[in-house]
Amino acid sequence: MSEPLGEAEFVAALRELEPRYWGSHPFHRRMHGGDLTPPELRAWAANRWYYQRMLPQKDAAIISNCPVPEIRRQWLDRIVYHDGRVAGEGGIERWLRLCAAVGLDREEVLDERHVMPGVRFAVDAYLTFARTRPWVEAVASGLTEMFSGHLMRRRVTDLLANYAWISRDDLAYFTNRIDAVSGEGKDALDIVVRYCRTREQQDAAVAALAFKCDVLCSMLDAIERAASEAA
Ligand SMILES: O=C(O)c1cc(C(=O)O)c2c(n1)C(=O)C(=O)c1cc(C(=O)O)[nH]c1-2
């Protein structure tokens, strides 16, 4: 059995996966460059809805598999963040607001008529991973958020600069998420470092993060196809 990595080495192994993150995916590059047409932006928002609406179920799966009260308590905030405390609030509602801003009716988002099979497959795989793998691996798979703060900050700037009909208020999903992610990302990394003690657990955490990078890129591959059909 190999020796466990030191903390710095383990964190470096996780961070080394950044090139596999969806930040550099060609579809994101086109979006940030201002090259998407209104129908392409709608295809993106309607498909990503399927990811957004699954996140609380993924976080609930982590809680249900986790025997540590302190972690369960901490993780609960994520569900409330997306679902809100009452109907009409929370991240999911802010995503729907963005969908409306790009010209989608609420109904056509909620009934998921635009969701591509590849997006469904990738997102469902993420949920199944969280339900079936050890809870700390599921937490590690969410560490893509370590890479997302910078991307979301750029997204707000680039969408405002390049798509005249989108206002700052329409982007409340991202402006709000940027603040949340700096704290949550650090908390999740601390948990992974603390609970992955053996080399096998550390390797499984790195593999979980690689898997999640693939989930996100597969989503965007399918979204790219939806966009080309919509354009
Ligand atoms: O816009 C983005 O690029 C981006 C990326 C990610 C991510 O890296 O997983 C998340 C989000 N946004 C996000 O808004 C979000 O709520 C979120 C939750 C999670 C997760 O795995 O638990 N990732 C992400």
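In the predicted model, helix α9 (residues 145-162) supplies the largest share of the shell around the ligand, namely four residues. The shell as a whole consists of L55, G142, T144, E145, S148, L151, M152 and R177. Sorted by class, these comprise three nonpolar, three polar and two charged residues.

Helix α9 has 18 residues, and the distance from its first C-alpha to its last is 25 Å, close to the 26 Å expected at 1.5 Å a residue. Its buried residues are M146, F147, S148, R155 and L159. These buried positions pack against α2 (26-32) and α10. S148 is thus listed both in the shell around the ligand and among the buried residues of α9.

The protein chain as a whole contains eleven helices and zero strands, and the order of elements from the N terminus is accordingly α-α-α-α-α-α-α-α-α-α-α. A radius of gyration near 17 Å would be found for a compact globule with 231 residues, and the value of 18 Å for the protein chain agrees with this. Along the principal axes, the C-alpha atoms fill a box of roughly 55 × 35 × 30 Å. Of the 231 residues, 36% are buried. Among contacts in the protein chain with a separation of 6 or more, 82% are between residues 24 or more positions apart.

The largest nonpolar core has 59 residues, and the most contacts inside it are made by A45, C99, V139, V192, M219 and I223. Helix α11 (residues 199-230) gives the most to this core, contributing eleven residues. With residues up to four places away in sequence left out, V139 touches I62, A188, I191 and V192. V192, one of these partners, is itself listed with V139 among the core residues that have the most contacts.

C99, another of the residues with the most contacts in the core, is one of the buried residues of helix α5, which are G91, I92, R94, W95, L96, L98, C99 and A101. Helix α5 (residues 91-101) is largely enclosed by the rest of the structure, because eight of its eleven residues are buried. The buried residues of α5 pack against four helices: α3 (38-65), α4 (69-83), α6 (106-110) and α10 (172-195). Just after α5, G103 adopts a positive phi of about 100 degrees.

A positive phi is also found at E112, a residue other than glycine, where the angle is near 60 degrees. E112 is placed in the loop between α6 and α7 (117-132). This residue counts as partly exposed because it has 14 C-beta neighbours inside 10 Å, a number that falls between the limits of 12 or fewer for exposed and 20 or more for buried.

Toward the N terminus, helix α1 (residues 7-15) contains L14. L14 has 22 other C-beta atoms within 10 Å and is therefore buried. Not counting residues up to four places away in sequence, L14 touches L143, A205, V206 and L209. The C-alpha atoms of L14 and M146 are separated by 9.6 Å, although the two residues are 132 residues apart along the chain. M146 is one of the buried residues of α9, the helix that provides the largest share of the shell around the ligand.

Definitions and conventions: Residues numbered from 1 in each chain as written. Predicted model: local features only at pLDDT ≥ 70, side-chain atom pairs only at ≥ 80, totals over all residues. Near = placed C-beta within 6 Å. Helix = DSSP H or I, 4+ residues; strand = E, 2+ residues; numbered from the N terminus. Nonpolar A, V, L, I, M, F, W, Y, C, P; charged D, E, K, R; others polar. Contact = placed C-beta atoms within 7 Å. Core = buried A, V, L, I, M, F, W, Y, C linked by C-beta atoms within 7 Å. Rg over C-alpha atoms; globule rule 2.2 N^0.38 Å. Expected span 1.5 Å × (residues − 1).
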